[in-house]
Structure formats: C-alpha cells, structure tokens
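Let's go through some labels that get attached to a structure and ask what earns each one. Have the sequence and the coordinates at hand.

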Amino acid sequence: LDKYTSVLSRTLESVPSSAPRFLKISSIGNTTFLLTWEPPDKANGIITYYQVYYSGQRYAYGYYTVYYYCQSDSFSNTITINGNTSFNLSNLNSSWEYSVNVRAGNNIGLSYYSSYVTGRTLAGAPLPPIIVTVVNNTANTLQVEWQSPLQPAGVISFYEATYRGVSTRNLVNETFYQTGNVTYEVHSVYSDYYPCPTESITLSGLEPYSVYKISVIAVNNHDFSSDSSTTEIRTLQDVPSAPVNVSLSVINNDTLLVTWDPPLRPNGIILYYEIHKAYSIDSQSTEIYYNVSMSTHLFITGNSSSLSNCTIRVRAATSVGLG
C-alpha cells in the first residue's frame with residue numbers, strides 16, 4: 001500500500017474580488033442599448049447573475065436625473081442574467097444620455113461596481129403635447145395652451161396648432177370647411193422640471209359662434225410627434241350682419257307688410273329683430289318696433305299719409321347686440 005493518499009479539495013466561495021471587465025455600450029435604437037462585458041478575473045466562485053445599474057439625463061434640454069435598475073417583468077431592483085454577459089437595456093427615453101455600470105454576483109454576494117460607461121440613445125419622435133386649456137377669448141380668436149411633451153426625444157424646435165371648422169351658423173348657403181394651422185417657434189430652452197413647461201398660442205381670423213376642433217403637434221430636430229388629443233370648442237357670439245331680402249308690400253291704405261330673411265352671418269343666436277320706420281330717409285321722426293319675434297315679417301298700420309312715403313330698415317340682434 002502507498003504510504004500517502006492524494007485528496008482533492010476546493011476552497012469555499014467568497015464574494016468576487018474584482019468587477020466585470022470591458023463594459024461596452026452601443027445604441028441600437030432610440031430606446032435601447034446593447035450592453036456587453038466580460039466576467040471578473042477574480043470571480044472567487046461561479047458567477048450566477050449580474051446587476052446592471054443605470055442613470056439617465058435628458059440631453060441638451062436641461063437635465064433631470066432618474067435612477068433605474070435593470071429589470072425583468074417584475075421590475076425588481078436586480079435581474080439574474082444566468083451568466084450571460086450581454087443584455088438589451090430597453091424602454092429608455094429617446095435622445096437621453098445614460099451612465100451604466102455592472103457588478104457580478106455569486107452564491108456569496110456581489111462584487112463592487114465596474115467603471116461607468118456612457119451612451120446616448122438615438123433621437124426619435126417626441127411624444128405628443130398635452131392640451132391643457134382652450135379659451136374662447138373673442139368671437140374671432142381662441143387661446144390654446146398645452147404642456148410640453150413628457151418625452152421630447154431631443155430639443156423641441158417648434159409646435160404646430162391645427163384647427164378645423166366643424167359647424168357654423170354663418171354662411172348658411174355654403175359648406176363650412178375653414179381649416180388652418182399656426183406655427184409656434186420655441187425661443188428658449190427649459191430646465192426639465194415637473195410639471196413640464198406650458199406654451200400657448202392665439203388662433204385668429206375665426207368665424208364667430210362656430211365650432212372648431214383643435215390639435216397640436218411637437219417637432220424636434222428629428223421627427224414630428226403624433227397629434228395631441230383633439231379639443232372641440234365654440235367661439236363667442238358677435239353682432240350679426242344685416243337681414244337680407246327686405247321687402248315692403250302694401251296690403252291696403254293703412255297696412256304695410258314688411259318681410260325679410262335672416263342674416264347670412266348671424267354670428268350667434270338671433271334673439272329678436274328691430275324694425276325702424278322713418279317718414280323719409282333723413283327724417284328725425286322714426287318709429288321703432290322692438291323685440292319683434294323670430295318671425296321674419298311684420299304688419300305696420302297707420303293712416304295712409306304716414307305710410308305713403310316711409311322708409312323701413314330692419315336690424316337683427318344677438319346677445320352681444322344689434323347689427
């Protein structure tokens with residue numbers, strides 16, 4: 001028998017005494033990085049998982065640093081990569097700068113962190129703005145205010161507000177197709193804060209008492225956002241134009257019939273008509289018939305001399321006043 005017997009034994013595991021090496025970061029889209037690295041050279045056991053930490057800040061748009069953890073479906077603070085030394089870090093913000101580092105773990109614990117690497121996601125389309133309010137200041141203008149995109153995906157260079165007429169009481173013999181857009185250029189760069197900054201613009205040249213649909217898009221140096229949600233609003237009323245087709249008919253020696261058609265541009269809801277009867281164009285002697293009902297005719301009576309040489313004028317009124 002041999003005097004000596006060989007025995008093979010292994011020392012116990014301990015925490016890795018070096019960090020993962022050669023960490024690299026590559027942008028593979030506007031929301032994803034590919035991370036690759038090599039295991040630590042002093043693993044002190046079997047590496048079973050890695051933790052990836054990253055922080056991000058908005059590029060060229062002030063800054064706002066938020067710390068995240070690499071996450072699986074459970075959004076936990078760590079993820080087990082099963083020894084793999086590559087990982088797609090996704091669901092990031094477009095055109096942000098990120099700093100990333102990695103540490104390795106075995107059954108005993110985690111190594112210290114590797115050196116940070118930095119990368120910037122590619123620019124993409126911004127998220128749409130969020131319309132905050134639309135105010136009908138006048139009969140011909142609307143004030144639109146919106147919140148900047150939560151993810152501008154770069155620097156917002158301008159916004160475009162689009163309006164489309166839906167219905168109107170004006171131009172009753174025509175189809176209402178009024179459309180247009182107004183560009184708002186951004187002249188200042190904001191530090192990122194919450195809530196996001198708001199911008200506003202005035203849409204002018206609109207039809208009184210008409211319904212418009214309004215949306216806003218944001219444009220950065222790379223792409224257009226999709227449309228914001230659409231807001232529908234009616235402009236305020238205004239004084240109406242004059243009634244049309246006014247005519248005067250003699251019924252008999254002491255009765256006249258005045259008829260007319262509503263204004264082509266009522267600019268609101270016609271509440272009543274006002275008829276003026278003058279004995280001559282320049283006469284200071286005028287009879288006024290107020291609050292004539294919504295019918296478009298009126299019988300005027302009088303003696304034959306007062307009716308034989310009179311002038312009739314008709315006015316319409318909305319809640320704003322007489323036209």
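Two strands pair if DSSP finds at least two bridges between them. This is a predicted model, and that rule can be tried on it right away.

Q: Why are β2 and β5 called paired strands?
A: The rule asks for at least two bridges. Strand β2 (residues 33-38) is joined to β5 by 4 bridges, with the two running antiparallel, so the pair passes the rule. Within it, L34 stands opposite N88 in β5.

Q: What makes β1 and β5 edge strands?
A: They belong to an open sheet of 3 strands, ordered β1-β2-β5 and paired antiparallel. β1 (21-27) and β5 (86-89) each have a single partner strand, so one side of each has no neighbour in the sheet. From one strand to its neighbour, the turn in this sheet is 20 degrees on average, direction ignored.

Q: Which strands are at the edges of the sheet β8-β9-β12?
A: That one is an open sheet of 3 strands with antiparallel pairing. β8 (130-135) and β12 (198-203) each pair on one side only, and that makes them the edge strands. The twist averages 20 degrees from one strand to the next.

Q: How do you know that β8 and β9 pair?
A: Count the bridges: 5 of them join β8 to strand β9 (residues 142-147), and the two strands run antiparallel. At least two are needed, so the pairing holds. V134 stands opposite V144 in β9.

Q: What makes β15 and β16 a hairpin pair?
A: Strand β15 (residues 244-252) and strand β16 (residues 255-261) run antiparallel and are joined by 6 bridges. The hairpin goes from β15 to β16 through 2 residues. S247 stands opposite T259 in β16.

Q: Why is I131 called buried?
A: Buried means under 20% relative accessible area. I131, found in strand β8, has 12%, so the label fits. Among the residues I131 touches beyond four places away in sequence are E145, W146, I214 and V216. I131 and T230 are 99 residues apart in sequence, yet 8.2 Å apart in space, C-alpha to C-alpha.

Q: Is E274 buried or exposed, and how do you know?
A: The relative accessible area of E274 is 4%. The cut-off for buried is under 20%, so E274 is buried. This residue lies in strand β17 (residues 272-278).

Q: What makes the pair of E274 and H276 a polar contact?
A: Their side chains come to 2.6 Å. The limit is a pair of N or O atoms within 3.5 Å, so the distance meets it.

Q: What is notable about phi in N44 and N267?
A: Most residues other than glycine have a negative phi. Phi of N44 is near 55 degrees, a positive value, and phi of N267 is near 60 degrees, also positive. N44 is found in the loop between β2 and β3, while N267 sits in the loop between β16 and β17.

Q: Why is N44 called partly exposed and N267 buried?
A: Partly exposed covers the range between under 20% and over 50%. N44 has a relative accessible area of 31%, so it falls in that range. N267 is at 7%, so it counts as buried.

Q: Which residues touch the most other members of the largest nonpolar core?
A: Of its 19 residues, those are F33, L35, W37, L89 and V100. The elements giving two or more residues are β1, β2, β3 (49-58), β5 and β6 (96-105). β6 supplies the largest share, 5 residues. Apart from this core lies another, of 17 residues, among them Y163, Y212, I214 and V216.

Q: What does L35 touch away from its own stretch of sequence?
A: Leaving out residues up to four places away, the contacts of L35 include I25, V52, F87, L89 and V100.

Q: How many helices and strands does the protein chain have?
A: The count is 1 helix and 20 strands. Of the 323 residues, 39% count as buried. Among contacts between residues at least 6 apart in sequence, 67% join residues at least 24 apart.

Terms used:
Residues are numbered from 1 along each chain as its sequence is written. This is a predicted model: local features need pLDDT of at least 70, side-chain atom pairs count only at pLDDT 80 or more; totals for chains, interfaces and linings use all residues. Side-chain values use heavy atoms; hydrogens and water are left out. Axes are lines fitted to C-alpha atoms, for helices over the stretch in contact, and angles run from 0 to 180 degrees between N-to-C directions. Buried means under 20% relative accessible area, exposed over 50%, partly exposed in between (1.4 Å probe, protein chains only). A polar contact is a pair of N or O atoms within 3.5 Å; within protein, one must be able to donate a hydrogen and the other to accept it, and residues adjacent in sequence count only if both atoms are side-chain atoms. A nonpolar core is a set of buried Ala, Val, Leu, Ile, Met, Phe, Trp, Tyr and Cys residues joined through side-chain atoms within 4.5 Å. Contact means heavy atoms within 4.5 Å.
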